[in-house]
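I sat down with this entry to look up a few things, one at a time, and I note below what I found.

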Amino acid sequence: METEHKIDLVKVDKSARKMYLIQGNKIVRWYSISLGANPKGHKLREGDKRTPEGRYFLDLINEQSSFYRSIRINYPNETDSKRAEKLGFSPGGQIMIHGQKNGNGPHPSIKRGKDWTDGCIAIDNEEMDEFLSLVKVGTPIDIEW
């Protein structure tokens, strides 16, 4: 795939377990994904194992992740923080798109199944390299069920 694509939008369809890279009106790449272990519905609080839903932005690449490589989704936004405060919970954070878990030992998917993250979006390491070559910090991401 050519790396000169300017990806305008990352779109996540949680129900289909797919993530699409969109340029203009065209899907230029898609990935099968794993989600949080409790994927349906919007993330409300830390520890609920949900992936947030709505419009966010990719705001930081983390090369020191405990997963292969990662890029952060700017959750919680102001609305998320206010909702969690009203409910008396921490909204959580550090929601990432990342590769596979680093290190030895059993992979989390062995115990948790296909959706094995704590609320992040996971793809394989080779796909993560490609994703980071195509998608830049500041790109919007729409996440929906």
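Which residues have the most contacts inside the largest nonpolar core? Keeping in mind that I am reading a predicted model, I looked this up and found a core of 25 residues, in which Val-10, Met-19, Ile-97, Ile-121, Phe-131 and Ile-141 have the most contacts. I then checked which elements give two or more residues to this core, and I listed β1 (9-13), β2 (18-23), β3 (26-32), β4 (54-62), β5 (70-73), β6 (95-98), α3 (125-134) and β8 (140-144). The largest share, 4 residues, comes from α3.

Next I looked up Met-19 and, leaving aside its neighbours within four places in sequence, I found it in contact with a list of residues that includes Val-10, Trp-30, Ile-97, Ile-121 and Phe-131.

I turned to the strands and found an open sheet of 8 with mixed pairing, in the order β3-β2-β1-β8-β4-β5-β6-β7. I noted that β3 and β7 (121-122) stand at the edges with a single partner strand each, so one side of each is left without a neighbour in the sheet. The helix α3 packs on this sheet, where it touches β1, β2, β3, β4, β5 and β6, and its direction makes about 150° with that of β3. Looking at one pair, I saw that β5 and β6 run antiparallel and are joined by 4 bridges, and that Ile-71 has Ile-97 in β6 as its bridge partner.

Is Glu-78, my last residue, buried or exposed? Glu-78 lies in helix α1 (residues 78-87), and it counts as exposed because its relative accessibility is 57%. Its side chain makes a polar contact with the side chain of Lys-82 (3.0 Å).

Terms used
Residues are numbered from 1 along each chain as its sequence is written. This is a predicted model: local features need pLDDT of at least 70, side-chain atom pairs count only at pLDDT 80 or more; totals for chains, interfaces and linings use all residues. Side-chain values use heavy atoms; hydrogens and water are left out. A nonpolar core is a set of buried Ala, Val, Leu, Ile, Met, Phe, Trp, Tyr and Cys residues joined through side-chain atoms within 4.5 Å. Buried means under 20% relative accessible area, exposed over 50%, partly exposed in between (1.4 Å probe, protein chains only). Contact means heavy atoms within 4.5 Å. Two strands pair if DSSP finds at least two bridges between them. Axes are lines fitted to C-alpha atoms, for helices over the stretch in contact, and angles run from 0 to 180 degrees between N-to-C directions. A polar contact is a pair of N or O atoms within 3.5 Å; within protein, one must be able to donate a hydrogen and the other to accept it, and residues adjacent in sequence count only if both atoms are side-chain atoms.
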